[in-house]
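Welcome! Please take a moment to look over the sequence and the model shown here, and then let us walk through them together.

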Amino acid sequence: MVDEAESGLIARAQAGDQRAFTALVRHYQDRLFRFILRLTGNRDEALDLTQESFLKAHQALARWRPEASFRSWLFRIAHNTTLDLLRRRACIEFVSFAECPGGEAEPAFPDAAPQPDQRLADRQSVELLGRTLQQLPVEQREILLLRELEEMSYSEIAATLGIAEGTVKSRLARARSAAIAGYQGLTGELRDD
């Protein structure tokens, strides 16, 4: 979705056009669901929280201003909604990438190029990465997800999480270091510094 098209949809949704808001939901729902699922580790909760996030976005849409990134604004709503749940249950779990939409362990159209041993090694690496992420504190996990999977800029992450851009950079550096150390701890690899 290009920015002009998205801006048009947002303006129409703000004016009460439900079809425009539905188009925005369709555009962002899978990405928002994956983000929340990786934070909560529970598919049912992620579905509920995704729906709740869009409901909150719909209710607050009149207050959104074009100066802000719509994606950052929407992910901030999801972030706050998810953190509320995590605080209430004070327990964090992780779901493997294979359980996420678009992240199936077996592709719908298998590629003949990778050999079975390579696929097994890749799958094991993905599982180890998932376990590594699961062991990170939620603040580190979410910042890695926003940067590496959602490909948000530092300023978008700052807007999403409500923190300074410098804090994003330092928190991201700590998260990457912790992820590398955790991954190497699981694989038994030694870190080259």
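A good place to begin is Leu146, which is buried, with a relative accessible area of 0%. Please keep in mind that this is a predicted model. You will find Leu146 in helix α6. Which residues does Leu146 touch, once those up to four places away in sequence are set aside? They are Phe35, Phe75, Glu151, Met152, Ile157, Thr160 and Leu161. Leu146 also shows how the fold brings distant parts of the sequence into one region: Ser72 lies 74 residues away in sequence, and the two C-alpha atoms are 9.8 Å apart in space.

Now step back to the whole chain. There are eight helices and zero strands, so if you follow the elements from the N terminus, the order reads α-α-α-α-α-α-α-α. Of the 193 residues, 37% count as buried. The accessible surface comes to about 11,000 Å², and carbon and sulfur atoms account for 50% of that. Take the contacts between residues at least 6 apart in sequence: 64% of them join residues at least 24 apart.

Next, look inside. In soluble globular proteins, nonpolar side chains tend to be buried together. Here the largest nonpolar core has 45 residues, and within that core Phe70 and Trp73 touch the most other members. The helices α1 (3–14), α2 (18–40), α3 (43–60), α4 (70–89), α6 (138–149), α7 (154–161) and α8 (165–187) each supply at least two residues of this core. The largest share, eleven residues, comes from α2. To see Trp73 in its setting, leave aside the neighbours within four places in sequence; Trp73 is then in contact with Ala57, Ala60, Leu61 and Trp64.

Arg71 is part of helix α4. Is Arg71 buried or exposed? With a relative accessibility of 13%, Arg71 counts as buried, because the cut-off for that word is under 20%. The side chain of Arg71 makes a polar contact, at 2.6 Å, with the side chain of Glu156. Beyond four places in sequence, the contacts of Arg71 are Tyr28, Arg31, Glu150, Glu151, Met152 and Glu156.

One of those contacts, Glu151, deserves a visit too. Glu151 sits in the loop between α6 and α7, and at 63% relative accessible area it is exposed. Most residues other than glycine have a negative phi. Glu151 is not a glycine, yet its phi is positive, at about 55 degrees.

Let us return to helix α6 and see how it meets α8. Two packed helices are described by the angle between their axes and the distance between the axes. For α6 and α8, the axes come within 9 Å and cross at roughly 100 degrees. That angle falls between 65 and 115 degrees, so α6 is roughly perpendicular to α8. On the α6 side, the residues involved are Glu139, Gln140, Ile143, Leu144, Arg147 and Glu148. They meet Val168, Arg171, Leu172, Arg174, Ala175, Arg176, Ala178 and Ala179 in α8.

Our last stop is Ala15, in the loop between α1 and α2. Ala15 is exposed, with a relative accessible area of 70%. How far apart are the C-alpha atoms of Ala15 and Leu61, which are 46 residues apart along the chain? The separation is 9.6 Å. Leu61 may look familiar, as it is among the contacts of Trp73.

Definitions and conventions: Residues numbered from 1 in each chain as written. Predicted model: local features only at pLDDT ≥ 70, side-chain atom pairs only at ≥ 80, totals over all residues. Heavy atoms only, no water. Core = buried A, V, L, I, M, F, W, Y, C linked by side-chain atoms within 4.5 Å. Buried < 20%, exposed > 50% of the residue type's maximum accessible area, 1.4 Å probe, protein only. Helix = DSSP H or I, 4+ residues; strand = E, 2+ residues; numbered from the N terminus. Contact = heavy atoms within 4.5 Å. Areas by Shrake-Rupley, 256 points an atom, 1.4 Å probe, with all protein chains shown as cover. Polar contact = N/O pair within 3.5 Å; in protein donor to acceptor, adjacent residues only side chain to side chain. Axes fitted to C-alpha atoms, helices over the stretch in contact; angles between N-to-C directions. Parallel < 35°, antiparallel > 145°, perpendicular 65-115°, else oblique.
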